Amino acid sequence: MKPKDIAAYAFLAVTWGLSFLVLLKVVHAFGWVGAVTLRSLIAGITLFLLAAATRRRLDFSAGWRHFAMVGATTVAAQLIGLSYATPRIGTAMAAILVAAIPLFSMILGQLWGLERITVRGLAGLLLGAAGIVVLVGFPSVPITPSFAFGCAASLFSSFSAAFGSNYANRHLRSAGSFELTGAAFLFGGLMTLPLLLAVPVPAMPRPVDFLYLVLLACVMSALTYVVYFRLVASIGATRAISVEFAVTTIAVLVGTVMLGESLTIIQAFGAVAIIGGCILVLDPFPHRAKAAALPSAPPLV
């Protein structure tokens, strides 16, 4: 990779890895619904303002229904699940389960005929599934209803991300990154907005909480996606999506060092199995470059 590609890769890994910590603060201040809604709307508006400032022509001729579906899955469902789960299961486990997105993506891609499963991919799928079972089944904390719902929400979040990515790959191949990402964030934010009636913002947030919200929305969501798609164009989708492994590692370190979270030895083996399974599925450094019309979207952490 060129020096600018390495810098972009490192920026994404560190920014998305730290985003779990910022997400916890935003959820605490705005609630798990408010965090998703405000983050999504601010990120979407930021991207469209950026497009306008750079005089970028946007094309939504693919139809609003397709963009709405991607927003419902990769933004609304994914972020709702992630925001609900992270305070309940911890940043380390949430980050590891987010790394399972490629495993779900391979299953859906096979069912929809978007890709053919290989022996290597099947081995990765089975290894990753075993890792999920071990990670969730042998936690370092008592298995309470809150923990169980948190794990289920995290897995639902990963599945929603994989579904949305495959849907976009099937119906929005011609859409640009600004159109796809900006519309997804706006639709996702609008879809979760009514949920604030059921789960309102718990209290008046502090000024620093608004700073965390802007940081999460503008830098850790909108800006990172622009950098990510440019990295895809430079080094390819498969190698770019491998940044998930570095994101998971950094998020686990943040959870254990800064938040005092812990993983059992058995869970550590489960985490290694999940990441190993994803490596087999993604094959991030193949001998021959593999073309991809539209990359699987990374986690919107």
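A helix here is a DSSP run of H or I covering at least four residues, and helices are numbered from the N terminus. The exercises below concern a predicted model.

**Exercise 1. Locate Leu253 and determine which surface feature it belongs to.**

Solution. Begin with the secondary structure: Leu253 lies in helix α10, which spans residues 243-257. Next, consider its accessibility. The relative accessible area of Leu253 is 48%. Partly exposed residues fall between the buried limit of under 20% and the exposed limit of over 50%, so Leu253 is partly exposed. Finally, consider its partners on the surface: Leu253, Val257, Met258 and Leu259 form a nonpolar patch, with about 400 Å² of accessible area together.

**Exercise 2. Describe the largest nonpolar core and identify the helix that gives the most to it.**

Solution. The largest nonpolar core comprises 60 residues. Within this core, the residues with the most contacts are Phe20, Ile89, Tyr228 and Ile274. Helix α1, residues 3-53, gives the most to this core, namely 13 residues. A second core, separate from it, has 22 residues and includes Val36, Leu47, Tyr167 and Ala175.

**Exercise 3. Find the salt bridge in the structure and classify the accessibility of Asp209.**

Solution. A search of the whole structure yields 1 salt bridge. The side chains of Arg206 and Asp209 meet in a salt bridge, with an N to O distance of 3.2 Å. For the accessibility of Asp209, the relative value is 6%. Since buried means under 20%, Asp209 counts as buried.

**Exercise 4. Characterise the backbone and the surroundings of Arg55.**

Solution. First, the backbone angle: phi of Arg55 is near 55 degrees, a positive value in a residue other than glycine. Second, the position: Arg55 is found in the loop between α1 and α2, the latter covering residues 64-89. Third, the accessibility: Arg55 has a relative accessible area of 76%. The limit for exposed is over 50%, so Arg55 is exposed.

**Exercise 5. Place Ile117 in the fold and list its contacts.**

Solution. Ile117 lies in the loop between α4 (101-111) and α5 (119-137). With 34% relative accessibility, Ile117 counts as partly exposed. When residues up to four places away in sequence are not counted, Ile117 touches Met106, Gln110, Leu122 and Leu125. To relate Ile117 to a residue elsewhere in the chain, take Asp59: the two are 58 residues apart along the chain, and their C-alpha atoms are separated by 33 Å.

Technical notes
Residues numbered from 1 in each chain as written. Predicted model: local features only at pLDDT ≥ 70, side-chain atom pairs only at ≥ 80, totals over all residues. Heavy atoms only, no water. Patch = residues over 30% accessible without salt bridge, like charges linked within 9 Å, V, L, I, M, F, W, Y side chains within 5 Å. Areas by Shrake-Rupley, 256 points an atom, 1.4 Å probe, with all protein chains shown as cover. Salt bridge = Lys/Arg side-chain N within 4 Å of Asp/Glu carboxyl O. Helix = DSSP H or I, 4+ residues; strand = E, 2+ residues; numbered from the N terminus. Buried < 20%, exposed > 50% of the residue type's maximum accessible area, 1.4 Å probe, protein only. Core = buried A, V, L, I, M, F, W, Y, C linked by side-chain atoms within 4.5 Å. Contact = heavy atoms within 4.5 Å.
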